[in-house]
Amino acid sequence: MKRFYIILNLILLVSFAFAQQEKYELTKINFEGNNSVSDGELRRVIVSRETPGWFSQFLNSISNFGKSPVYFDSLLISADLQSIKDYYHSNGFFKVRVSYDYTLSDGEATLNYYINESDPAIIKEVNLKGLESIPESFRELLYNSVSKDTGRIYRDDIIENNKNYVIGFLRDNGYMLASNEPPEILVDTVKNTVVANITFSPGDRYRINEVRTSITGVGKENITDELLKQIVGIKPGDYYSNYQIQRGQVRLYRTELFTSAIINSVISDTANNYVPLVISADVGKLNELSPELIMNNEDNTFNMGLGLSFTKKNFLGDARKFTVSSSAAAQNFTEFIKHPSFADSSIFGYFDTRIVIEQPFLFGKPINTKYETYFTTQKRKEEYNSFIYGAKLSFDFELPQYTYFNSLSAYLNIERAEYKYKDLYLINLLSLDYQRLNYPKQEADSLSRYYIYNVLGGELVRSGTNAIIGVSFGTNQTNDVFFPTRGYALNLLLEEGNSIPYLLSRAFGNGFDRPLFFKASFTSTFFIPVYNSPVNSLGMKLKAGNIFNYYGDKSGISINQRFYSGGSNSVRGWSTRQLVPPQILLPFEKMSQLTLEDLEAILAKGAPSGGFFLLEGSLETRNRIIGNFGGVAFVDFGNTLNSATDFRFDRIAVAAGFGFRYYSEFAPLRIDFGFKIYDPNDRRNFFRKQFWNELLQFHVGIGEAL
């Protein structure tokens with residue numbers, strides 16, 4: 001018993017000694033010699049972590065937010081060393097050497113890692129083995145695909161991508177059970193080269209022998225087995241294709257008929273290289289009445305409002321969808337916060353109602369087709385009110401699997417628009433021009449009022465019909481649709497205006513007074529992997545557009561067909577549509593010679609906002625702060641001009657600012673604060689302008705600006 005108490009006392013003494021041992025907060029982890037890999041990448045790889053800042057620790061001490069302090073633990077160093085080496089090996093640096101030291105002082109610890117990278121290894125060969133049983137044309141295609149990596153610096157993900165490409169190709173071409181062994185990586189440390197051998201087991205090639213269906217849900221009585229098979233588009237006798245199965249599921253969900261839809265192969269029923277498919281679909285309600293809270297970024301600004309829609313699904317069969325909807329929204333919500341009154345001239349919005357019929361097929365082909373008719377009325381600040389009604393026919397095409405462009409749509413839009421310009425807006429425009437001719441402001445205002453009220457009768461109404469043929473195609477080569485950190489996306493929009501009514505008027509001998517034009521807009525977005533992190537991103541956007549007028553007066557081109565700049569998705573130092581070309585309205589020295597029609601035409605040319613040439617760009621860094629909260633910093637530039645020949649660098653507006661994000665489950669919610677760094681229309685010194693009224697513009701929105 002005495003020996004037991006002695007041992008117990010020793011244990012207590014040792015425990016007390018360890019309890020009294022001084023702890024050191026790990027305040028800094030340094031890396032030296034990592035020329036090819038950033039500090040941020042290595043910090044994410046190792047186990048050790050730097051202690052958070054004092055504010056984060058304070059938050060953690062009083063709430064569930066923030067983080068607790070991190071203390072130095074020398075036992076983690078060996079794991080860190082191995083993690084650094086493994087990371088370098090995975091990126092081709094097989095000769096890397098790593099050492100370390102640390103310092104302890106005043107309750108703080110600094111940990112240093114020293115890296116000698118040496119030269120990375122080069123891929124000499126990527127060999128695909130085990131493919132002798134597949135057709136020669138398949139083998140040649142696969143061999144050519146992997147051979148392009150010869151000569152590149154070795155990385156694990158290159159080999160992984162090749163392996164996934166081959167497996168995906170096999171499973172999309174009948175080899176349902178294709179598999180592979182772990183890649184064999186052979187490193188020649190003398191020549192500093194790598195030979196990668198990947199062995200595959202293609203297995204048998206399968207065809208579909210039958211397509212079975214299983215339909216459940218409240219609306220199952222209205223959906224036939226044949227309709228389900230038609231939507232999926234896979235027929236008995238087709239080779240098994242994982243890609244076609246995924247595309248079939250997308251088609252099913254796109255109809256919005258089903259609350260769930262799954263396509264499975266029944267491997268247990270395979271026989272003689274044939275396999276059945278089962279389409280399992282749960283049908284929801286076919287009639288829906290849906291109230292809606294509107295929050296969107298149309299017109300480059302944040303809109304809030306209410307809407308109501310009625311949808312009848314499987315309308316007249318064939319998965320057709322019929323929708324009637326109405327909505328109303330206030331635009332420039334931030335202006336409403338500043339001046340909470342709809343009577344204020346700075347508040348504007350829209351009302352919209354439309355009827356839409358959408359079907360997944362056209363002439364038996366999987367071309368999603370939409371027929372739409374609509375009426376929209378808009379209030380644009382103190383500038384004008386508009387009434388727009390029209391019809392639109394659009395086609396969304398499914399593209400083949402291996403194409404560079406992965407989206408293609410085309411449409412025909414016939415639209416009648418009427419614009420009523422407000423008297424005070426026209427008076428102000430005329431007065432500014434008089435003042436540019438050295439008229440005193442009071443006299444300029446008086447002359448302007450005379451012409452607007454006595455010549456035009458207090459208003460100017462312009463109307464016209466446009467028929468637009470458009471096509472849009474693009475590619476998305478980013479690594480993530482919702483939060484890309486690398487890759488790029490391109491989109492090209494082409495529109496032709498009024499050629500159809502022009503040809504009809506010539507054919508029937510009618511007059512035609514509308515302009516003919518061609519519109520092109522190109523948008524490119526690039527994400528540079530400087531952070532090498534899934535939660536931090538650096539992106540760049542460049543957008544350019546031009547309207548080419550080749551018949552008639554381009555001043556007659558409808559306002560809603562022109563380019564606009566400024567807003568939450570544009571140059572964020574300006575409000576929506578604020579960046580427009582400067583207008584010189586009237587040749588006043590010849591005023592007495594102008595007829596009423598001449599005056600209306602000249603006013604109509606100057607009164608509408610919007611330009612015929614657009615150039616915009618952005619540079620933005622997005623970084624997570626805590627949890628789902630993040631921050632951004634950005635620089636935007638751009639403007640609209642009357643012609644590409646008017647372009648000069650001193651006419652490009654520049655804005656910079658910052659913002660905050662909350663990354664919800666459906667989309668990022670954002671608020672951005674933009675500052676006018678350079679205003680081509682007000683070149684006063686930055687510090688001479690009023691901060692709130694002349695420099696700052698803030699925007700609330702959904703999704704990212706680029």
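Which residues touch the most other members of the largest nonpolar core? Let's start there. The answer is Leu252 and Phe258, in a core of 26 residues. Keep in mind that this is a predicted model.

Who builds that core? At least two residues each come from β8 (207-217), α7 (225-232), α8 (242-254), β9 (258-265) and β10 (274-283). The top contributor is β10, with 5 residues.

Take leucine 252 by itself. Skip its neighbours within four places in sequence. Its contacts are then Leu228, Ile231, Val232, Phe258, Ala261, Ile263 and Ile279.

There is also a second core, separate from this one. That one has 22 residues, and Val126, Ile134, Val166 and Tyr175 are among them.

Now to α7. Which of its residues are buried? They are Leu227, Leu228, Ile231 and Val232. Looking down the axis of α7, these buried residues fall within an arc of 135°, so they line one face of the helix. The general rule behind such a pattern is simple. An α-helix has 3.6 residues a turn, so residues three or four places apart point the same way. And what covers the buried residues of α7? The cover includes β8, α8, β9 and β10. Right after the helix comes glycine 233, with a positive phi near 80°.

Next, the loop between β9 and β10. Asparagine 272 sits in it, and so does asparagine 273. Asparagine 272 has a phi near 55°, a positive value in a residue other than glycine. For asparagine 273, phi is near 60°, again positive and again not in a glycine. Buried or exposed? Asparagine 272 has 72% relative accessibility, so it counts as exposed. Asparagine 273 has 32%, so it counts as partly exposed.

Let's move towards the start of the chain. Here we have three strands. β1 covers residues 25-32 and β3 covers residues 108-116; the two pair in the parallel sense, over 7 bridges. One of the pairings puts leucine 26 with alanine 109 in β3. Strand β2, residues 97-105, also pairs with β3, but in the antiparallel sense and over 9 bridges. In that pairing, aspartate 101 stands opposite asparagine 112. β2 and β3 form a hairpin, with 2 residues between them. Aspartate 106, in the turn, has a positive phi of about 55°.

Now the whole chain. How many helices and strands are there? The count is 14 helices and 26 strands. The chain has 706 residues, and 43% of them count as buried. Consider contacts between residues at least 6 apart in sequence. Of those, 64% join residues at least 24 apart. The exposed area is about 37,000 Å², and carbon and sulfur atoms supply 56% of it.

Last topic: confidence. The average pLDDT is 85, and 89% of the residues score at least 70. Where does pLDDT stay under 50? One stretch is residues 342-347, with 16 contacts in the model beyond four places in sequence. Another is residues 584-592, with 22 such contacts. A caution applies here. Where pLDDT is low, the predicted coordinates should not be read in detail.

To recap, Leu252 and Phe258 touch the most other members of the largest core. Helix α7 lines up its buried residues on one face. And β3 pairs with β1 in the parallel sense, and with β2 in the antiparallel sense.

Notes
Residues are numbered from 1 along each chain as its sequence is written. This is a predicted model: local features need pLDDT of at least 70, side-chain atom pairs count only at pLDDT 80 or more; totals for chains, interfaces and linings use all residues. Side-chain values use heavy atoms; hydrogens and water are left out. A nonpolar core is a set of buried Ala, Val, Leu, Ile, Met, Phe, Trp, Tyr and Cys residues joined through side-chain atoms within 4.5 Å. Buried means under 20% relative accessible area, exposed over 50%, partly exposed in between (1.4 Å probe, protein chains only). Helices (H or I, at least four residues) and strands (E, at least two) are DSSP runs, numbered from the N terminus. Contact means heavy atoms within 4.5 Å. Accessible areas come from the Shrake-Rupley method with a 1.4 Å probe; for residues, only the protein chains shown count as cover. pLDDT is the predictor's confidence in each residue, from 0 to 100. The arc is that of the directions from the helix axis to the C-beta atoms. Two strands pair if DSSP finds at least two bridges between them.
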